[in-house]
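Me: Please take a close look at one part of this model, and then follow the chain outwards from that part, stating the criterion behind each term as it comes up. I would like one connected account rather than a list.

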Amino acid sequence: MPRVSEAWLRKILTVLYERRHSTRAEIVRATRLNVASVSQAIQRLLHQGVVQRSGQLRSAVGRRRDELKLNSEAGYFVAVDLEGTRVRFGLTNFLGDVRHRWEVPVAVGRKLDLHTLARGIEAVLGNLGPRERSRVVALGLSYTGIMDRQGRVTAWNLGWEDFPLREKIRGLVDLPVFHGTESLAKLSAERWLGAARGRSHCVFVTVANGIGCASMNEGHPLLGRDGAAGELGHTIIDPAAPDRCNCGRTGCLEAIASSPNIVRQYLEKTGQRRKPIFGEQVVEVFARVREGDAAALEVIDRAGRYLGLALANLANLLNPELIVLGGDLIHAEDLFLPRIRTELARHVLPKMQVSLEVQMSALGMDIGLVGAASLAFHGALRDSALLKKICSAHPEEVRAA
Ligand SMILES: [Zn+2]
């Protein structure tokens with residue numbers, strides 16, 4: 001079989017991952033490789049069982065063209081999503097479809113321990129037989145907070161200060177680990193499968209145990225020096241506000257509008273403050289608003305107004321065409337979208353408002369897992385040894401799966 005360059009394989013696998021189905025001609029156009037290179041690479045990928053024929057299309061002049069797709073069982077990824085009011089673990093197939101999941105709620109500020117991480121990873125891997133397990137390619141991890149260059153994470157919501165996450169995960173599982181911030185992982189998932197498809201200037205804002213955002217300009221993520229850009233929750237939204245934030249300061253958006261802080265304010269107003277607070281209780285507060293509970297309404301009015309103000313500042317600063325809202329907000333589109341739109345109409349410069357759209361994420365609660373799996377897929381393609389592992393799957397074994 002002729003020699004096939006790694007770069008060709010990377011480009012072709014990326015196109016098939018992002019588009020799901022493609023003809024050879026579409027792959028040639030998207031990769032800008034020449035026809036012969038694409039044909040040789042695809043011949044090899046078909047032979048190895050990594051790519052399959054998914055059907056035939058007939059062109060206008062009656063020529064039949066094969067439609068190609070990735071073999072969904074050519075490899076598996078472990079996905080870990082550490083932001084949210086629950087931490088989530090998933091096992092995805094080669095295409096990033098979540099096959100098995102395990103999750104647990106997070107008590108705010110209580111330290112997320114290594115034992116829980118180990119349990120989650122083992123719970124999803126435990127669904128695989130030995131043969132499938134040998135085809136797990138990598139682990140994708142989306143983390144909250146700030147990771148330093150040594151892989152240590154400081155995340156107040158998880159009770160971590162300089163927690164050596166990268167080292168600990170590598171100690172738990174014998175797999176290569178690829179990671180990114182949870183907001184960026186979610187924004188990538190939105191650009192791949194969701195509301196931000198084909199959009200180059202977009203922002204993803206997540207409201208859960210914390211509040212974070214990720215943004216893309218001309219399709220490139222804005223990362224900052226330490227990859228920590230997007231700490232929207234710790235921007236000061238009201239210097240006079242008494243609410244104390246996990247970061248130790250007052251005036252932060254997160255201290256007012258994050259899920260556990262919405263719960264906290266409601267419990268304080270109704271004289272039933274108790275411990276510990278779980279962010280996922282926020283859906284009960286949403287339900288109370290809909291039932292006409294005045295205290296709940298007051299809390300949501302305040303959180304919605306400050307979120308809207310923060311998003312207006314963000315829009316004036318970054319000039320996005322699309323803001324996608326996710327996290328626990330997806331349970332309360334009816335409560336938050338009108339309040340946020342009112343603030344945007346008041347505070348975003350008119351010229352920028354014309355092209356600004358705000359949408360709720362429609363990818364559901366698995367979005368973090370999908371994003372983490374995509375970090376692992378793209379990371380694995382960049383690694384020569386892993387690319388080799390993916391492309392040398394034994395044909396019979398993969399086809400039998
Ligand atoms: Zn703060």
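Reply: What follows starts at the metal site and moves on to the surrounding loop and then to the helix packing.

The model is predicted, so that local features are reported only at pLDDT of at least 70 and side-chain atom pairs only at pLDDT 80 or more, while totals for chains, interfaces and linings use all residues. Residues are numbered from 1 along each chain as its sequence is written, and side-chain values use heavy atoms, with hydrogens and water left out.

The zinc ion is held by four residues, namely His-234 through ND1 and Cys-245, Cys-247 and Cys-252 each through SG, at 2.0 to 2.4 Å; a donor here is an N, O or S atom within 2.8 Å of the metal (3.2 Å for Na, K and Ca). The angles among the four donor atoms run from 104 to 123°, and the site is tetrahedral, a term that requires all angles to lie between 85 and 135 degrees. Read along the sequence, the donor residues follow the spacing H-x10-C-x1-C-x4-C. Two of them, His-234 and Cys-247, are 13 residues apart and both lie in the loop between strand 14 (220-221) and helix 8 (254-257), and the pair links distant parts of the chain; helices (H or I, at least four residues) and strands (E, at least two) are DSSP runs numbered from the N terminus. His-234 counts as buried because its relative accessibility is 12%, the limits being under 20% for buried, over 50% for exposed and the range in between for partly exposed.

Asp-243 is found in the loop between strand 14 and helix 8 as well. With 8% relative accessibility, Asp-243 is likewise counted as buried. Once residues up to four places away in sequence are set aside, Asp-243 touches Arg-249, Thr-250 and Gly-251, together with Ala-255, Ile-256, Arg-264, Gln-265 and Arg-302, where contact means heavy atoms within 4.5 Å.

Helix 11 (residues 294-318) packs against helix 12 (residues 333-347), with axes that come within 8 Å and cross at roughly 45°; axes are lines fitted to C-alpha atoms, over the stretch in contact, and angles run from 0 to 180 degrees. The two helices are therefore oblique to each other, since angles under 35 degrees count as roughly parallel, those over 145 as roughly antiparallel, 65 to 115 as roughly perpendicular and the rest as oblique. On the helix 11 side the residues that meet helix 12 include Leu-297, Ile-300, Asp-301, Ala-303, Gly-304, Arg-305 and Leu-307, and among their counterparts in helix 12 are Leu-335, Phe-336, Arg-339, Ile-340 and Glu-343. Asn-319 follows in the loop between helix 11 and strand 15 (322-327). The phi angle of Asn-319 is near 50°, a positive value in a residue other than glycine, and Asn-319 is partly exposed at a relative accessible area of 40%.

Asp-162, in strand 10 (residues 160-163), also has phi near 50°. Its relative accessibility is 45%, so Asp-162 counts as partly exposed.

Returning to Asp-243, one can step across to another helix pair, for Ala-185 is 58 residues away in sequence and 29 Å away in space, C-alpha to C-alpha. Ala-185 belongs to helix 7 and is one of the residues there that meet helix 14, together with Lys-186, Ala-189, Glu-190, Trp-192 and Leu-193, while the helix 14 side comprises Ile-367, Gly-368, Val-370, Gly-371, Ala-372, Ser-374 and Leu-375. The axes of helix 7 (residues 182-193) and helix 14 come within 8 Å and cross at roughly 90°, which makes helix 7 roughly perpendicular to helix 14.

Within this packing Gly-371, found in helix 14 (residues 367-382), is buried with a relative accessible area of 0%. Apart from neighbours within four places in sequence, Gly-371 is in contact with Ala-185 and Ala-189. Gly-371 and Glu-190 are 181 residues apart in sequence, yet their C-alpha atoms are 8.5 Å apart in space.

Methods: Four donors count as tetrahedral if all angles lie between 85 and 135 degrees; four count as square planar and six as octahedral if opposite donors are over 155 degrees apart and all others between 65 and 115; anything else is irregular. Buried means under 20% relative accessible area, exposed over 50%, partly exposed in between (1.4 Å probe, protein chains only).
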